[in-house]
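Morning, everyone. I have one structure to show you today. Let me put it on the screen.

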Amino acid sequence: MPFAEINGQRVHYQDSGGDGLALVFSHGILMDHEMFAAQQELDREFRVITWDARGHGLTESDGRPFTYWDQARDCLGLLDHLEIEQAALVGVAEGGLTSVRAALLAPDRIVALALISALPGEESPRAREFYGQMFGRWFTEGPIDELTTVFAALTINEPGENARWIAKWRDRDRELIAEPATCLLEREDISERLRHIRCPAVVMYGTADPLFGAQEAEELSEALRYCFGVVPIEGGAHATPLTAPEQVNGALAHFLSEI
């Protein structure tokens, strides 16, 4: 399996090795590169790259606190490792928070940005309390049914995929949730900085997503100076690349053909 030593982390990634524009897919919390299995079909036109963020999947992190700025530097470091000069970034949920920061850090390297169910602002007090309690119990009690079924329903909401990901969560060390949860809950609001992103962008959201809806998508689109607009993914949940891949892949291909 391919790994890269980046910023003190041993980052796991998958690279289709194609000759087209590089597309780097970044996942959300408690997910990993496998959520983008259906996006591999895009490698007929693009070089598809997926990776596991700190505290997730097969990546071996140093266990120290980190921010989405650190993960953005990991993403850019992966481009360095693969000798990729420019790329388009596709970020889902927290992967979107990593992607926008990478676009701010390296504007000359990021040529396009697709954000899916990504909230660049702070969590609301209510959401912060909810997630704080959930992740706190996950850390102390482990991925018990009471927690995993709720999280799977919120993010995936497809019986077969729910069961598959719950099984993955049960196999992981429960303490690995600590730093990703802290990173999520203590992130700063960078909404005002989005106007500085110079590359073309598109915003997607699942119409069945209970966490990120049409209003949030429109606000994000308006904050991005060069956004092509909002694409609703009909019936999609929070993890739309996993649950509605044909729509997501079609929207990505169309967006990238327009830039």
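Where is the place of His-12? Look at strand S2, residues 9–15; His-12 sits there. Before I go on, a reminder: this is a predicted model.

Stay with His-12. Is His-12 buried or exposed? Its relative accessibility is 0%, so His-12 counts as buried. The cut-off for buried is under 20% relative accessible area.

What is His-12 in contact with, once we leave aside its neighbours within four places in sequence? From the start of the chain, the list has Met-1, Pro-2 and Phe-3. Then comes His-33. Further along, His-12 is in contact with Trp-51, Asp-52, Leu-58 and Thr-59. One of those partners, Trp-51, falls within strand S4, which runs 47–51.

Now the backbone. Two residues deserve a look.

Take Leu-30. Leu-30 is not a glycine, yet its phi is positive, at about 70°. Where is Leu-30 placed? In the loop between strand S3, 22–26, and strand S4, 47–51. Leu-30 has a relative accessible area of 13%, so this loop residue is buried.

Next, Ser-117. Here too phi is positive in a residue other than glycine, near 55°. Ser-117 lies in a loop as well, between strand S6 and helix H3. Strand S6 covers 110–116, and helix H3 covers 125–141. With a relative accessible area of 3%, Ser-117 is buried.

Now zoom out to the whole chain. How many helices and strands does the chain have? Nine helices and eight strands.

On overall dimensions, the C-alpha trace spans about 45 × 40 × 35 Å along its principal axes. What about the radius of gyration? The chain has 17 Å. A compact globule of 259 residues would have a value near 18 Å, so the two agree.

How much is buried? Of the 259 residues in the chain, buried ones make up 54%.

Contacts next. Consider contacts between residues at least 6 apart in sequence. Of these, 75% join residues at least 24 apart.

Then the surface. The chain exposes about 11,400 Å². Carbon and sulfur atoms supply 47% of that area.

Last, charges. The chain carries 21 positive and 42 negative charges. How far apart are their mean positions? The answer is 4 Å.

To recap the local picture: His-12 is buried in strand S2. Leu-30 and Ser-117 both have positive phi, and both are buried. That's my tour. Over to you.

How values were computed
Residues numbered from 1 in each chain as written. Predicted model: local features only at pLDDT ≥ 70, side-chain atom pairs only at ≥ 80, totals over all residues. Heavy atoms only, no water. Helix = DSSP H or I, 4+ residues; strand = E, 2+ residues; numbered from the N terminus. Rg over C-alpha atoms; globule rule 2.2 N^0.38 Å. Buried < 20%, exposed > 50% of the residue type's maximum accessible area, 1.4 Å probe, protein only. Contact = heavy atoms within 4.5 Å. Areas by Shrake-Rupley, 256 points an atom, 1.4 Å probe, with all protein chains shown as cover. Lys, Arg positive; Asp, Glu negative; His and termini not counted. Charge placed at Lys NZ, Arg CZ, Asp CG, Glu CD.
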